[in-house]
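Me: I'm new to reading protein structures and would like some help. Could you walk me through one, feature by feature?

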Amino acid sequence: MKQRVTCVVGTRPEVIKMAPVILALRGDPSSFDAMVLATAQHRDMLDQALAMFGLRADVDLDLMRPDQAVGELTGRVLAGLGAYLAAHRPDAVLAQGDTTTVMATAMACFFAGIPFGHVEAGLRSFDLRAPWPEEYNRRVAAVGARWHFAPTPGAAENLRREGVGADRIFVTGNTIVDALRHILAHTPAPPPPVPAGRPFVLMTCHRRESFGEPIRAVFRAVRDFASRHPDAVVWYPVHPNPGVRGPAAEILGGLENVRLADPVDYVTLLHAMKACRLVLTDSGGMQEEGVTLGKRVLVLRDVTERPEAVESGLARLVGNDGARVAAALEQAWAESGTETAGSAVFGDGHAAGRIAGILRDQKERS
């Protein structure tokens, strides 16, 4: 009998990391009936991200509201997903990562008595305030998960230290590597975001913890770097949050070699990352992508739940102190002039197939 598996997504990053799993499940129709449920925690670009992989939502809860508070969203996901689970009773539910959608999905499955599989399980920064609320979300998701699909041995060890049984932990690799390889192999490179021949820094900076003076300090360091290196370009797709967009325009606007762009789709971002000389980011996923592509990555955080990126020698934690960021930029820019090989610390691109295989084996044994 087929396993009826519901894959829950709420944001673009979740779609990117869950799409390979959905495709792997649907690639074995004799074993799985895979449904895609979208909470639409972030409506923007979610449908576009699904379409990149030839997917669409089978069920769309359409829960996003303007200026939504985390508590309000959590309640809507619990209610909406609870009603879905009661009506459909899937054999298993999968969700990826550390968003409010993932936390509430894990809770709803626990209340309904339905097995939950956590993709990208075991990441820990060991600081509930950094990143916020993601560190809390992923810890809650772990409490009731039946399957913990850990992307690395380090993530699996975190789970073991928390008392998770070995029979529930599976080291699969990170599905971001699957997605990255799929996109680069199946999409043409769009026009470069900077003039041909000019080396550039790909920058993203949007985390709540940086709002206020910290983000302004980062922007001042970037402004000074751009002034010292007129031949270099900083390309920065700016998050639409006013706490980011306002200071970015004030401090970085008007500089010839700083390009403030609107948010871009994942295909554009990934090809730009492949072409750039250096990555400056506070994103979690870009640490994985950058290191996989062999890029030096400066992480605008003091802690990371992805220590493998730092251990690879390609990523460096630089925080958001202006002087520290400025010094790190100078050093990394000088070092980044030489080619580096990509690292396989986040997997070999076959994580999704392993996840499908684990679910298939577990079903056969039950």
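Me: Which residues touch the most other members of the largest nonpolar core?

Reply: Keep in mind that this is a predicted model. The general idea first: in soluble globular proteins, nonpolar side chains tend to be buried together. Here the largest nonpolar core has 60 residues, and those touching the most other members are Met 18, Leu 25, Leu 94, Phe 149, Phe 200, Leu 202 and Trp 235. Helix α1, residues 12-26, supplies the largest share of this core, with seven residues.

Me: What does Leu 94 touch?

Reply: Leaving aside residues up to four places away in sequence, Leu 94 touches Val 5, Thr 6, Cys 7, Val 8, Met 18, Val 21, Leu 25, Phe 116, Gly 117, Phe 149 and Leu 359. There is also a second, separate core of 30 residues, which includes Val 201, Val 222, Ile 251 and Ala 328.

Me: How do I read a pair of aromatic rings?

Reply: A pair of aromatic rings is described by the distance of the centres and the angle of the planes. The count for this model is four aromatic pairs. One of them joins Phe 149 and Phe 170: the centres are 6.1 Å apart, the planes meet at 35 degrees, and the pair is classed as tilted. It links distant parts of the chain, with Phe 149 in strand β6 and Phe 170 in strand β7 (residues 169-171), 21 residues apart.

Me: Are Phe 149 and Phe 170 buried or exposed?

Reply: Phe 149 is buried, at 1% relative accessibility. Phe 170 also counts as buried, with a relative accessible area of 17%.

Me: Now a helix. Which residues of α5 are buried?

Reply: Helix α5 spans residues 134-143, and its buried residues are Glu 134, Glu 135, Asn 137, Arg 138, Ala 141 and Ala 142. Looking down the axis of α5, you find these buried residues within an arc of 165 degrees, so they line one face of the helix.

Me: What do the buried residues of α5 pack against?

Reply: Their packing partners are α4 (100-112), β5 (116-119), β6 (147-150) and α6 (153-161).

Me: How many residues of helix α11 are buried?

Reply: Eight of the eight residues of α11 (residues 285-292) are buried, so this helix is largely enclosed by the rest of the structure. The buried residues are Gly 285, Met 286, Gln 287, Glu 288, Glu 289, Gly 290, Val 291 and Thr 292. Just after α11 comes Gly 294, which takes a positive phi of about 80 degrees.

Me: Let's try a charged residue. Where is Glu 305 found?

Reply: Look in the loop between β12 (297-299) and α12 (307-311). Glu 305 is buried there, with a relative accessible area of 5%.

Me: Which side chains make polar contacts with the side chain of Glu 305?

Reply: One is the side chain of Arg 301, at 2.4 Å. Another is the side chain of Arg 306, joined to that of Glu 305 by a polar contact of 2.8 Å. Setting aside residues up to four places away in sequence, Glu 305 touches Leu 123, Arg 124, Ser 125, Pro 131 and Arg 138. You met Arg 138 earlier, among the buried residues of α5.

Me: Could you show me two other loop residues?

Reply: Try His 229, in the loop between α8 (213-228) and β9 (233-237). His 229 is buried, with a relative accessible area of 19%. Beyond residues up to four places away in sequence, His 229 touches Asn 257, Glu 330 and Trp 333. Then look at Gly 253, in the loop between α9 (242-252) and β10 (258-261). Gly 253 is partly exposed, with a relative accessible area of 35%. Gly 253 and Arg 223 are 30 residues apart in sequence, and their C-alpha atoms are 9.3 Å apart in space.

Me: Last topic: how many disulfides are there?

Reply: A disulfide is a covalent bond between the sulfur atoms of two cysteines. In this model the count is zero. Take Cys 205: its nearest cysteine sulfur, in Cys 276, is 16 Å away. Seen from Cys 276, the closest cysteine sulfur is that of Cys 205, and 16 Å is too far for a bond. Cys 205 is buried at 2% relative accessibility, and Cys 276 is buried at 3%.

Definitions and conventions:
Residues are numbered from 1 along each chain as its sequence is written. This is a predicted model: local features need pLDDT of at least 70, side-chain atom pairs count only at pLDDT 80 or more; totals for chains, interfaces and linings use all residues. Side-chain values use heavy atoms; hydrogens and water are left out. Buried means under 20% relative accessible area, exposed over 50%, partly exposed in between (1.4 Å probe, protein chains only). Helices (H or I, at least four residues) and strands (E, at least two) are DSSP runs, numbered from the N terminus. The arc is that of the directions from the helix axis to the C-beta atoms. Contact means heavy atoms within 4.5 Å. A nonpolar core is a set of buried Ala, Val, Leu, Ile, Met, Phe, Trp, Tyr and Cys residues joined through side-chain atoms within 4.5 Å. A polar contact is a pair of N or O atoms within 3.5 Å; within protein, one must be able to donate a hydrogen and the other to accept it, and residues adjacent in sequence count only if both atoms are side-chain atoms. A disulfide is a pair of cysteine sulfur atoms within 2.5 Å. Rings of Phe, Tyr and Trp (its six-membered ring) pair if their centres lie within 6.5 Å; planes under 30 degrees apart count as stacked, over 60 as edge-to-face and the rest as tilted.
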